[in-house]
Amino acid sequence: QMGGAVTTVVLLVGGVSWLTAAFRVNERTAEGIRQLHDFGWMFFDTTYMATSLQMAAVGLVLLRDKRSLPLFPRWLAWFSFFCAAVFVPITLMPYFLDGPFAWNGAFNYWVGFNCFFLWMALFSYFSFGAISKLEQEEASSR
């Protein structure tokens with residue numbers, strides 16, 4: 001739960017930084033706008049460990065489910081570990097202004113974001129199925 005809560009803070013701070021960069025843009029210098037933009041991306045990307053912690057914890061929980069028919073498919077646990085690991089190269093982002101490890105590079109932007117959003121979509125989908133399974137388990141135990 002803590003990883004999810006901290007991930008929310010990461011998303012909010014990055015978004016507020018970009019919003020601030022766009023607010024009263026006519027009154028700001030180009031350097032000030034760039035600084036806010038860069039801060040937003042640095043904060044958003046280099047705090048990946050909060051999201052990786054969340055993904056790894058969820059993966060462990062899924063693997064510990066000993067039901068004959070688990071609430072979530074086992075491959076989703078391994079996908080969680082994979083997505084957590086995909087974020088590790090983001091550590092290189094502050095050292096590159098362009099290329100695959102820059103904030104907008106092929107790896108950090110496209111692979112990292114796509115993995116995160118696919119993870120969110122899959123967990124949203126399978127969570128509805130898990131809720132149905134839990135409701136069925138509860139109904140059958142009565």
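Here is a chat between a biologist and a modeller about this predicted model.

Biologist: Let's start with the covalent links: which residues does the disulfide join?

Modeller: The structure holds one disulfide. Its S to S distance is 2.3 Å, and the cut-off for calling a disulfide is 2.5 Å. The cysteines joined are Cys-83 and Cys-115.

Biologist: What is the handedness of the link between Cys-83 and Cys-115, left or right?

Modeller: Look at the rotation about the S-S bond, which comes to -95°. That makes the link of Cys-83 and Cys-115 left-handed.

Biologist: How many residues apart in sequence are the parts that this pair ties together?

Modeller: Cys-83 belongs to helix H4, residues 74–86. Cys-115 sits in helix H5, residues 106–140. So the pair ties together parts whose separation in sequence is 32 residues.

Biologist: And are Cys-83 and Cys-115 buried or exposed?

Modeller: The label depends on relative accessible area, with under 20% on one side and over 50% on the other. Cys-83 and Cys-115 get the same call, and both are buried.

Biologist: On to the nonpolar core: which residues touch the most other members of the largest one?

Modeller: That core has 19 residues. The elements giving two or more residues to it are helix H3 (48–63), H4 and H5. The members that touch the most others are Met-55, Phe-72, Leu-76 and Phe-79.

Biologist: Take Phe-72 from that group: which residues is it in contact with, leaving aside neighbours within four places in sequence?

Modeller: Contact here needs heavy atoms within 4.5 Å. With the sequence neighbours left out, the partners of Phe-72 are Leu-62, Phe-123, Phe-126, Ser-127 and Ala-130.

Biologist: Now the charged side chains: which residues are joined into one network by salt bridges that share partners?

Modeller: A search of the whole structure turns up two salt bridges. In one, the side chains of Asp-65 and Arg-67 meet at 3.0 Å, N to O. In the other, Arg-67 meets Glu-137 at 2.9 Å, N to O. Shared partners therefore make one network, and its members are Asp-65, Arg-67 and Glu-137.

Biologist: How many residues apart are Arg-67 and Glu-137?

Modeller: Arg-67 is in the loop between H3 and H4, while Glu-137 is in helix H5. The pair links distant parts of the chain, with a separation of 70 residues.

Biologist: Is Asp-65 buried or exposed?

Modeller: Asp-65 lies in the loop between H3 and H4. Its relative accessibility is 13%, and the cut-off for buried is under 20%. So Asp-65 counts as buried.

Biologist: What are the relative accessible areas of Arg-67 and Glu-137?

Modeller: Arg-67 is partly exposed, and Glu-137 counts as partly exposed too. The values are 31% for Arg-67 and 35% for Glu-137.

Biologist: What does Asp-65 contact, leaving aside neighbours within four places in sequence?

Modeller: Asp-65 meets Arg-67 through its salt bridge, but the contact list leaves aside residues within four places. What remains for Asp-65 is Pro-70, Leu-71 and Arg-74.

Biologist: What separates the C-alpha atoms of Phe-107 and Pro-89?

Modeller: Phe-107 lies in helix H5 and counts as partly exposed at 25% relative accessibility. Pro-89 is on its contact list, along with Val-86, Pro-100, Phe-101 and Gly-112. The two are 18 residues apart along the chain, and their C-alpha atoms are separated by 8.3 Å.

Biologist: How far apart in space are Pro-100 and Val-111, C-alpha to C-alpha?

Modeller: Pro-100 is in the loop between H4 and H5 and is partly exposed at 45%. Beyond four places in sequence, Pro-100 touches Gly-105, Ala-106, Phe-107 and Asn-108. Val-111 is eleven residues from Pro-100 in sequence, and the C-alpha distance is 9.8 Å.

Biologist: What accessible area do Leu-92, Tyr-95 and Phe-96 have together?

Modeller: These three form a nonpolar patch on the surface. One of them, Phe-96, is in the loop between H4 and H5 and is partly exposed at 36% relative accessible area. Together the patch residues have about 330 Å².

Biologist: Last one: what is phi of Arg-24 near?

Modeller: Arg-24 is in the loop between helix H1 (2–22) and helix H2 (30–46). Its phi is positive, in a residue other than glycine, and is near 50°.

Key
Residues are numbered from 1 along each chain as its sequence is written. This is a predicted model: local features need pLDDT of at least 70, side-chain atom pairs count only at pLDDT 80 or more; totals for chains, interfaces and linings use all residues. Side-chain values use heavy atoms; hydrogens and water are left out. Helices (H or I, at least four residues) and strands (E, at least two) are DSSP runs, numbered from the N terminus. Buried means under 20% relative accessible area, exposed over 50%, partly exposed in between (1.4 Å probe, protein chains only). A nonpolar core is a set of buried Ala, Val, Leu, Ile, Met, Phe, Trp, Tyr and Cys residues joined through side-chain atoms within 4.5 Å. A salt bridge is a side-chain nitrogen of Lys or Arg within 4 Å of a carboxyl oxygen of Asp or Glu. Patches are made of residues with over 30% relative accessible area and no salt bridge: like charges are joined within 9 Å, nonpolar side chains (Val, Leu, Ile, Met, Phe, Trp, Tyr) within 5 Å. Accessible areas come from the Shrake-Rupley method with a 1.4 Å probe; for residues, only the protein chains shown count as cover.
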